[in-house]
Amino acid sequence: TQFYASPLTLNPALTGAFEGKYRVGAAYRDQWRKVVENPIKTFSAGGDFRFKGPLKSIKDDAVGLGLVFFNDKTGVIDFSTTQIAVSLAYHKSLDNRDRQVLSLGIQGGLTQRNVNYESLNFHDEFNGSDGYTLGTGEELPPNNFSYADYNAGLNYTVKFGRTGRFFAGAAMHHFNRPRAVFTEKSDNQRNDRLYARYSGQMSAYIPFKRNNRAAITPRVLFAAQGQHLQVNAGTNFRFAMGSYASSAVHIGGWARQVRSKDGLALDAVVALLGFEMNNVLLGLSYDLNPKALSVNQRQGAFEITIAYLGNYENEDILCPKF
């Protein structure tokens with residue numbers, strides 16, 4: 001839900017897209033805890049560095065280098081996906097005043113998928129009286145496999161006014177269409193491969209006042225993969241605190257639409273609360289599925305993110321907060 005709090009998984013072009021020397025962050029998501037015995041858990045952590053461009057004659061260009069780790073685990077069958085990836089981006093200044101920047105990023109990683117067969121019960125394991133204690137005759141494939149995965153992205157940033165920003169980006173994940181199944185090669189090998197995922201992002205930082213004590217940050221994320229579609233749209237409001245505006249509070253509301261084989265539907269409404277304290281950013285959000293309320297099920301998801309900007313230089317952050 002807090003997609004901009006995890007820039008390296010959102011778009012490789014956002015690697016190093018900030019004013020500072022380095023950035024580290026982490027995100028944790030806990031989904032459907034009130035519905036299933038073992039909730040769906042997702043964790044990611046990453047860090048990236050920003051370096052000056054290799055050519056001294058182009059002083060405003062920069063290079064970003066990053067590393068990101070991701071793990072997703074579903075408790076029903078103990079199925080997990082783990083990925084580690086390296087990102088590289090180049091940020092090209094398009095004018096002498098450095099008010100427009102075009103970024104190109106690439107990312108390569110290794111993904112492993114695993115399932116725990118001990119958590120599964122088969123019909124022939126039933127002992128006829130009190131449980132699944134017998135052995136199974138099922139011929140099961142290896143319970144883990146790995147594959148290489150490659151992503152690429154673009155991002156455009158333009159500054160307006162004194163502190164205003166507009167961001168637009170696009171990314172393509174799994175462009176190598178890796179094979180992602182446990183079994184041996186099937187007759188229809190096309191279905192064994194991941195669909196490429198296409199995404200587009202737009203956001204803005206619009207201050208209300210010249211002193212930058214209040215601002216609005218609308219954002220939209222569009223993502224499509226195979227027959228599936230997701231649109232996240234919402235707005236955060238930022239209110240500076242203290243005499244020197246070194247801290248701030250973020251309050252936001254979001255909605256997520258999804259499309260699957262059953263059609264288009266409102267998947268969740270989201271409330272967000274964020275805290276900004278000098279170089280530290282903390283975000284808390286909760287997703288609520290409106291359709292689940294009609295059947296008295298709390299199909300919600302709690303998410304927490306934290307980020308730290310090292311050697312923070314000024315207020316002109318090129319990567320949106322939260």
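What follows is a walk through a nonpolar surface patch and several aromatic ring pairs in this predicted model.

On the surface, the side chains of Phe43, Phe49, Phe51, Leu65, Leu67, Phe69, Ile84, Val86, Leu88, Ile106 and Leu110 make a nonpolar patch of about 980 Å². The elements that give two or more residues to this patch are the strands E2 (40-52), E3 (62-74), E4 (79-93) and E5 (100-115). Ile84, one of the patch residues, is found in strand E4 and has a relative accessible area of 44%, which makes Ile84 partly exposed, because that class lies between the limits of 20% for buried and 50% for exposed.

Aromatic contacts give a second view of the model, in which the count comes to 11 aromatic pairs. Among them, Phe3 and Trp254 form an edge-to-face pair, with 5.8 Å from centre to centre and 85 degrees between the planes. Since Phe3 lies in the segment before helix H1 (7-10) and Trp254 lies in strand E11 (residues 247-260), the pair ties together parts that are 251 residues apart in sequence. Phe3 counts as buried at 11% relative accessibility, and Trp254 counts as buried at 9%.

The rings of Tyr22 and Tyr308 have their centres 6.3 Å apart and their planes at 45 degrees, so this pair is tilted. Tyr22 in strand E1 (residues 22-31) and Tyr308 in strand E14 (residues 300-310) are 286 residues apart, and their pair links distant parts of the chain. Tyr22 counts as partly exposed at 29% relative accessibility, as does Tyr308 at 34%. Ring pairs link these two tyrosines with Phe49 and Phe51 into a cluster, and Phe49 and Phe51 also belong to the nonpolar patch.

Terms used:
Residues numbered from 1 in each chain as written. Predicted model: local features only at pLDDT ≥ 70, side-chain atom pairs only at ≥ 80, totals over all residues. Heavy atoms only, no water. Patch = residues over 30% accessible without salt bridge, like charges linked within 9 Å, V, L, I, M, F, W, Y side chains within 5 Å. Areas by Shrake-Rupley, 256 points an atom, 1.4 Å probe, with all protein chains shown as cover. Salt bridge = Lys/Arg side-chain N within 4 Å of Asp/Glu carboxyl O. Helix = DSSP H or I, 4+ residues; strand = E, 2+ residues; numbered from the N terminus. Buried < 20%, exposed > 50% of the residue type's maximum accessible area, 1.4 Å probe, protein only. Phe/Tyr/Trp six-rings, centres within 6.5 Å; stacked < 30°, edge-to-face > 60°.
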